[in-house]
Amino acid sequence: MKQSPNLFLLVLIVSISSFTASAQELYVATGKTQSSFDYTDSQGQTLDNLQASTYDFLEVGVRKQLFSTKNLYGSLGVAYASYGAIGSHDSFGNFMEWTVNYAELKAGLEYTLFTINKFSFYAKGTASLGFLIQGTQTHNNAVINLKNEDDFDKTLINFKGGAGVIRPISKNLSVYMQYLYGKSNTLKEGTIHTADQEVLKIVSHNVSVGLIIDISSKKAASRN
């Protein structure tokens, strides 16, 4: 039986609301994303002169312990993130640059590996859904709006993995730093039934610093 999209959306909203209501911590993070394109054209060739670009990002969300264990945490957040690349084709004298800005809904799992002198080291994996807000492609002297282009105007699905370290600086406040590597879903892909065999994915390296605010004591006080 085909499931109703409205039912799926309702379940998603209820799940997010339940997680947020029971969250023990708030977090805010900022940092740098270095991104590039994993691109193959219709002849199976890659662009040799395709270079990475670096952008700022901002993320806020909630975090909580899972399954009553001190080592495993879950998180939900929203982010404003940018990706892009710059390149040229020497044979034709072409210059190309892409910049795309996404609003992202992110979910993460984090496992504390060990703690040394209040520094807790962890491994982390995230998955995100990105929705294009604005994007441009510059080709020589022409600028193209990517908002309604098929290559980028589809949901960006990103899976990232990495590690980080957290250190408390007061009873209710901690600071953290982390690195994540990720690769997106295929944004453009031909089929065996078409002449267009182009494949485009976004590869990213993300370095961030953030603050974690413990709100569990405030919730307990409000209930009392």
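How many cavities of 30 Å³ or more does the count come to? The points below take up that question, then turn to the surface and to one loop.

1. The model is predicted. By the rule used here, the count comes to three cavities of 30 Å³ or more. Rolling a probe the size of a water molecule over the atoms shows where empty space is left.

2. The largest cavity has a volume of about 90 Å³. Its lining is made of 16 residues, and the closest to the centre are Glu59, Lys106, Lys124, Gln178 and Leu180. Several elements give two or more residues to this lining: strand 1 (25-40), strand 2, strand 4 (94-116), strand 5, strand 8 (173-184) and strand 10 (199-214). By residue class, the lining of the largest cavity divides into six nonpolar, six polar and four charged residues.

3. The second largest cavity holds about 70 Å³ of space. Tyr27, Arg63, Ser75, Glu110, Tyr122, Lys124, Ile166, Tyr176, Gln178 and Ile212 line this cavity. Strand 5 and strand 8 are the elements that give two or more residues to its lining. Here the division is five nonpolar, two polar and three charged residues. Lys124 and Gln178 deserve a second look: they are listed among the residues closest to the centre of the largest cavity, and they also line the second largest one.

4. On the surface, a nonpolar patch of about 760 Å² is made by Val28, Leu58, Val60, Val78, Leu105, Leu129, Phe131, Ile169, Val175 and Leu211. Strand 2 (51-65) and strand 5 (119-139) each supply at least two residues of this patch. One of the patch residues, Leu58, is found in strand 2. Is Leu58 buried, partly exposed or exposed? Leu58 counts as partly exposed because its relative accessibility is 47%, and the partly exposed class runs between the buried limit of 20% and the exposed limit of 50%.

5. The loop between strand 4 and strand 5 contains Asn117 and Lys118. Asn117 is not a glycine, yet has a positive phi of about 50 degrees. Lys118, also a residue other than glycine, has a positive phi near 75 degrees. How much of each residue is accessible? Asn117 has a relative accessible area of 65%, so it is exposed. Lys118 is likewise exposed, with a relative accessible area of 54%. Both classes rest on one cut-off: exposed means over 50% relative accessible area.

6. A point to check in the viewer is strand 5. This strand supplies at least two residues of the nonpolar patch, and strand 5 also gives two or more residues to the lining of the largest cavity and to that of the second largest cavity.

Terms used. Residues numbered from 1 in each chain as written. Predicted model: local features only at pLDDT ≥ 70, side-chain atom pairs only at ≥ 80, totals over all residues. Heavy atoms only, no water. Patch = residues over 30% accessible without salt bridge, like charges linked within 9 Å, V, L, I, M, F, W, Y side chains within 5 Å. Areas by Shrake-Rupley, 256 points an atom, 1.4 Å probe, with all protein chains shown as cover. Salt bridge = Lys/Arg side-chain N within 4 Å of Asp/Glu carboxyl O. Helix = DSSP H or I, 4+ residues; strand = E, 2+ residues; numbered from the N terminus. Buried < 20%, exposed > 50% of the residue type's maximum accessible area, 1.4 Å probe, protein only. 1 Å grid on protein atoms, 1.4 Å probe; cavity = no way out; pocket = protein on both sides within 12 Å on 5 of 7 lines; lining within 4 Å. Points joined across faces, edges and corners; volume = space filled by probe spheres on them. Nonpolar A, V, L, I, M, F, W, Y, C, P; charged D, E, K, R; others polar.
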